[in-house]
Amino acid sequence: MKLPPQRGPVSAELIDLLRTFAPENDQTACDDRLVVPLESEDILFSDDLQLSLFVLYELHYRGFDEVDERWEWNPQLLALRARIEEQFERKLREIAMDVSYVPGDAQAVAQQLFTLANDDGGPSVSNFIAREATLEQAQEFLIHKSIYQLKEADPHSWAIPRLNGRGKSALMEIQFDEYGAGRPGAMHSELFALTMRGLELDAEFGAYIDRLPAITLASVNMMSLFGLHRRLRGCIAGHLAIYEMTSSIPNARYARGFRRLGFDTPVTDYFDEHVEADAVHEQIAGRDLAGGLIEYDPTIATEVFFGAQAACAVDALVGEHQLTAWRSGKSSLRTATERMPA
Ligand SMILES: [Fe+2]
Ligand SMILES: [Fe+2]
């Protein structure tokens, strides 16, 4: 993908540095520039900081066309990332509800996660898509999702070498399906690209980055934060578990919505696949992944539940952002004015 336009002082310094310099001979340029203060009232809604974090994380995934790959492990960039992450993680811990986990076996863990999944009283984007979204709103919905779904499952794969036993086997079983179970073209990310193209959208990863509001970037940055730190391995497992456990029913509604708008296979394949796959995954995710992990190491339980709670809380904010815009007849994406360079 191409480097996105900046959204404020931090992302301006960062993006300019990545675009202009190579890492080894310009250490001093880097030292001087990345000490910009991080100011934000609410980091979840800070365009500048969420975009900076997204860019820093993306160096660990597929990088940017014009950026030297050696930046990935540059100490100054990692230091900047750590400063933003510190604020971000603190905020996530604030907004996640209190974790009232009652110790038990794997089945009891699954039961508590199912309760959390069912209690998720967040705004229902899936009902809106099923019943009333216009074609433009359906396109916007796909654009928001594209920043994760076009690399679906990748952030959770960081957890693989960090887990053991039953939890690890469960993670592999889920990821195997997410990556298409060995069938070329069947990765969920590829099915999602078909859905996008069916609605005449650009399915290249990051094509719409400039249109995405901070809160959408925060939802995918949260996965990278949890995935890239071994100490947060419980959080990434909890995040995946709750994602799988809150997927089957909404995906059935999305499929219904896209059919209502006149689409069918291959546009609806992505959603149909998730109705089926996640009815199985939700059991594996709750009992074997989260439950197995906690049985193996009970001290990780609160982190698993925090990851799940944070996922629900941030995704509720993304949904609220979309529905508030759509219900007042506005776009949920960044407008041309918001995208003007600061
Ligand atoms: Fe999937
Ligand atoms: Fe799944």
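Trainee: Are His188 and His274 buried or exposed in this model?

Mentor: Both His188 and His274 are buried. Please bear in mind that the model is predicted. The term buried is reserved for a relative accessible area under 20%.

Trainee: Which protein atoms serve as donors to the iron ion (ligand 1)?

Mentor: The donors are OE of Glu152, OE of Glu178, ND1 of His188 and NE2 of His274, at 1.9 to 2.1 Å from the iron ion (ligand 1). A donor must lie within 2.8 Å of such a metal, so these distances satisfy the criterion. Along the sequence, these donor residues follow the spacing E-x25-E-x9-H-x85-H.

Trainee: What makes the arrangement around the iron ion (ligand 1) irregular?

Mentor: The 4 donor atoms subtend angles of 83 to 169°. A tetrahedral site needs all angles between 85 and 135 degrees, and the range here extends beyond both limits. The site is not classed as square planar either, and anything else is irregular. In general, the ideal angle for four tetrahedral donors is 109.5 degrees.

Trainee: How do you know that His188 and His274 tie together separate parts of the chain?

Mentor: His188 belongs to helix H10 (residues 188-198) and His274 to helix H14 (residues 269-296); the pair therefore joins parts 86 residues apart in sequence.

Trainee: Which residue coordinates both iron ions?

Mentor: Glu178 coordinates both the iron ion (ligand 1) and the iron ion (ligand 2), and the two ions are 4.0 Å apart. The donors of the iron ion (ligand 2) are Glu178 (OE), Glu244 (OE), Asp278 (OD) and His281 (ND1), at 2.1 to 2.4 Å.

Trainee: Why is the arrangement around the iron ion (ligand 2) called irregular?

Mentor: Its 4 donor atoms subtend angles of 75 to 162°. As the tetrahedral window is 85 to 135 degrees, this range falls outside it at both ends, and the site is classed as irregular. The donor residues are spaced E-x65-E-x33-D-x2-H in sequence. Glu178 in helix H9 (residues 165-178) and Glu244 in helix H12 are 66 residues apart, and this pair links distant parts of the chain. Glu178 and Glu244 are both buried.

Trainee: What makes H11 and H12 oblique to each other?

Mentor: Helix H11 (residues 214-228) and helix H12 (residues 233-245) pack at about 135°, with axes 6 Å apart. Roughly perpendicular ends at 115 degrees and roughly antiparallel begins over 145, so an angle of about 135° is oblique. The crossing of H11 and H12 is left-handed. H11 contributes Met222, Met223, Phe226 and Gly227 to the contact, and H12 contributes Arg233, Cys235, Ile236, His239 and Tyr243.

Trainee: Why is H3 also described as oblique to H11?

Mentor: H3 and H11 pack at about 40°, with axes 9 Å apart. Roughly parallel requires an angle under 35 degrees and roughly perpendicular starts at 65, so H3 is oblique to H11. H3 passes H11 in a left-handed crossing. Among the residues that meet are Leu51, Phe54 and Tyr57 in H3 and Leu217, Val220 and Leu225 in H11.

Trainee: How do you know that Ser46 is buried?

Mentor: Ser46 has a relative accessible area of 10%, and the limit for buried is under 20%, so the term applies. Ser46 lies in the loop between helix H2 (27-33) and helix H3 (47-58). Setting aside residues up to four places away in sequence, Ser46 touches Ser40 and Ala214.

Trainee: What makes Glu136 partly exposed?

Mentor: The relative accessibility of Glu136 is 49%; exposed requires over 50% and buried under 20%, so Glu136 is partly exposed. Glu136 is placed in helix H7 (residues 135-149).

Trainee: Which values set Ala153 and Glu200 apart as buried and exposed?

Mentor: Ala153 has 1% relative accessibility and counts as buried, whereas Glu200 has 74% and counts as exposed. Phi is positive in each residue: near 85° for Ala153 and near 55° for Glu200. Most residues other than glycine have a negative phi. Ala153 is in the loop between H7 and helix H8 (154-157), and Glu200 is in the loop between H10 and H11.

Trainee: Which peptide bond is cis, and what is its omega?

Mentor: The bond from Thr265 to Pro266 is cis, with omega near 5°. Pro266 is in the loop between helix H13 (248-260) and H14.

Conventions
Residues numbered from 1 in each chain as written. Chains lettered and ligands numbered in written order. Predicted model: local features only at pLDDT ≥ 70, side-chain atom pairs only at ≥ 80, totals over all residues. Heavy atoms only, no water. Donors = N, O, S within 2.8 Å, 3.2 Å for Na, K, Ca; no water. Tetrahedral: all angles 85-135°; square planar, octahedral: opposite > 155°, others 65-115°. Helix = DSSP H or I, 4+ residues; strand = E, 2+ residues; numbered from the N terminus. Buried < 20%, exposed > 50% of the residue type's maximum accessible area, 1.4 Å probe, protein only. Axes fitted to C-alpha atoms, helices over the stretch in contact; angles between N-to-C directions. Left-handed = near helix turned anticlockwise from the far one by under 90°. Contact = heavy atoms within 4.5 Å.
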